[in-house]
There are 2 protein chains.
Amino acid sequence: MDRTKKAILELLYKNQGEYLSGEALACQLKISRTAVWKGIRILKTEGYQIKGVPHLGYLLQNVPDLLLPAEIARGLHTQIIGREIQHFPEIDSTNTRARALAKTGAPDGTVVVAEAQTAGRGRRGRSWESPPGLGLWMTVLLRPKVPLQETARFTLLSALAVVRAVTRVCALSPRIKWPNDVLIGDRKVCGILAEASGELEMAEYLAVGIGLNVNQEGSHFSPELRRKATSLRLACGRMVDRLVLIRALLEELDGLYLEQPGFPELVDLTRPYSATLGARVRVDPVGGATEGQCLTGRAVAITPDGWLVIEDDAGRRQVLHAGDVSIRSADGGYV
Amino acid sequence: MDRTKKAILELLYKNQGEYLSGEALACQLKISRTAVWKGIRILKTEGYQIKGVPHLGYLLQNVPDLLLPAEIARGLHTQIIGREIQHFPEIDSTNTRARALAKTGAPDGTVVVAEAQTAGRGRRGRSWESPPGLGLWMTVLLRPKVPLQETARFTLLSALAVVRAVTRVCALSPRIKWPNDVLIGDRKVCGILAEASGELEMAEYLAVGIGLNVNQEGSHFSPELRRKATSLRLACGRMVDRLVLIRALLEELDGLYLEQPGFPELVDLTRPYSATLGARVRVDPVGGATEGQCLTGRAVAITPDGWLVIEDDAGRRQVLHAGDVSIRSADGGYV
């Protein structure tokens, strides 16, 4: 039925503005009138406004403002990313769902997207606000043939894809905050949560969760986020078409994923967009000898392995593999 | 009941060689005679030979040659590793079980051990022969607070623990074949399969599977393994007590795990035991630019990150993150 539904939708799109008879649909698709009727009914339940008039046929009046797979797929030019898309009006967490799908054999490039998340997750167990219809809350399942410890570069690759897509669609200048947030100005517009599983020598899968604030107004954010977060709409002063944006994002991801640049190359590609390099930063490291010790200093380099080098006021350098980085803003506070 | 059973066993051990009356047991443990009787019955089903004589009581005659948690725990000196032990007469794979336990909250240091595996797994989807009662087929669940890409050092740490335990118990000189096999002479005696899952910045868990051939004779190995594998018994000419061995292994692991040496330190600690360094090798790399290309050369170094540096005949160096390494033996073949 899924294929029939898509084919009907395709024909309705082709004949936009005109009525298309049930008979013509049945004839062109070589299906029964009942199958046409069932397909139309499913499309309506998904939110498509389709007018049916006796003796005239069906007219596509309005497309729902939803990230439906058939809509995303229309005009999407990718080879791997988004070949399979699963859409949910509401879900606990797209990462959780993508990981469950990975266990049951979902292919490389599978995309899970939701209108809203009830338990959206950020890094290190934090929650992620995902109000209905206002953002891209999605996870891309990747199955690169690399050791588990090399999967980190796909986080950077995803951040770069977000930067490129946002630049392309909204003409904004987003920057990457090491290791995997995207900022506009001093505010967070996107977070990336990458989770992986497998043998150390060969990843089984990587689930790259992308939470991108698109059409929120200030009042949509919780009080604690209001001063730290922003949306594309707030930044560019207009509503952003989520379908155009997600297509751009999947295409940028696809291009980078096919190229598979190594870490040194990726570090070079992302350097111009770094919000961290050169900034005074405060870091709360994760793991290792410096766990729990808060460091301040200047971010002076990103190594070819993607690690951040901090230089403190005494000129001592430390290499960080992971951590929470706060960047000192113009007013002297850390964001 | 588990606690009662353990307490009864403890008292029987204390009074080894003498009968202990049911009444004395009940009185000392402050339990009913029925509870004593039930505990004895469970111990018997586990394989303990306990003689019961009216008016005399119970006598521990023989302990089964099994890796029962209560036996492993007797005289085990560890702080984290093996605080919880799960034993299975037969299981599909201890790694698979440990990963399932990890999902349901099993604590750091949980050990899963089996007498036999029906679907024992080696690296990259290979199978691992695990005949009943002849080896240590076990998985240690670790929950270090480190980024996922840093979990690789726990594989090396585990290999070092195996080397130390085998040296201590059997007076053999095992060597580590990069990245995570243990050899005696040119033959494999132990394989380590590490699987991990979690956020890239914070591992959720690491399952370190250890398959150690202990008491096999040559005929226990399949024809294809017979020339490549060995057991501790074959190497040292006598049966090895698996309980003594597993305790030694858990203790060595515990010590190293508490120290948490960094990668550079671990590389230094394992260098004297390396079977790979200095040898002529053939490598089948995993992932990256050299995927699928077979390299030959000399293994000249292990980097502080634990990666292998190969120098080919033209003097060109390559750094490998993962791969299958074959070492050229004295007769010119690769093992």
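This report describes how chain A and chain B meet in a predicted model, and how two domains of chain A meet each other.

**Between the chains**

The contact between the two chains draws 28 residues from chain A and 28 residues from chain B. On the side of chain A that touches chain B, the elements giving two or more residues are helix H6 (152-170) and strand S8 (187-199) of chain A, and S8(A) gives the most, with seven residues. Strand S8 has a further part to describe, since S8(A) pairs with strand S8 (residues 187-199) of chain B in the antiparallel sense, over five bridges. Within this pairing, Gly198(A) stands opposite Ala196(B), a residue of S8(B).

**Within chain A**

Chain A is divided into domain 1 (2-62), domain 2 (69-273) and domain 3 (280-327). The C-alpha centres of domain 2 and domain 3 of chain A lie 25 Å apart, and the contact between these domains takes nine residues from domain 2 of chain A and eight residues from domain 3 of chain A. On the side of domain 2 of chain A that touches domain 3 of chain A, H6 and helix H10 (263-270) of chain A each supply at least two residues. Helix H6 of chain A thus has a place both on the side that touches chain B and on the side of domain 2 that touches domain 3 of chain A.

**Residue classes of the two sides**

| Side | Nonpolar | Polar | Charged |
|---|---|---|---|
| Chain A, touching chain B | twelve residues | eight residues | eight residues |
| Domain 2 of chain A, touching domain 3 of chain A | seven residues | no residues | two residues |

Methods. Residues are numbered from 1 along each chain as its sequence is written. Chains are lettered from A and ligands numbered from 1 in the order in which they are written. This is a predicted model: local features need pLDDT of at least 70, side-chain atom pairs count only at pLDDT 80 or more; totals for chains, interfaces and linings use all residues. Two residues are in contact if their C-beta atoms, placed from the backbone, lie within 7 Å. Helices (H or I, at least four residues) and strands (E, at least two) are DSSP runs, numbered from the N terminus. Ala, Val, Leu, Ile, Met, Phe, Trp, Tyr, Cys and Pro count as nonpolar, Asp, Glu, Lys and Arg as charged, and the others, Gly among them, as polar. Two strands pair if DSSP finds at least two bridges between them. Domain bounds come from an automatic or database domain assignment.
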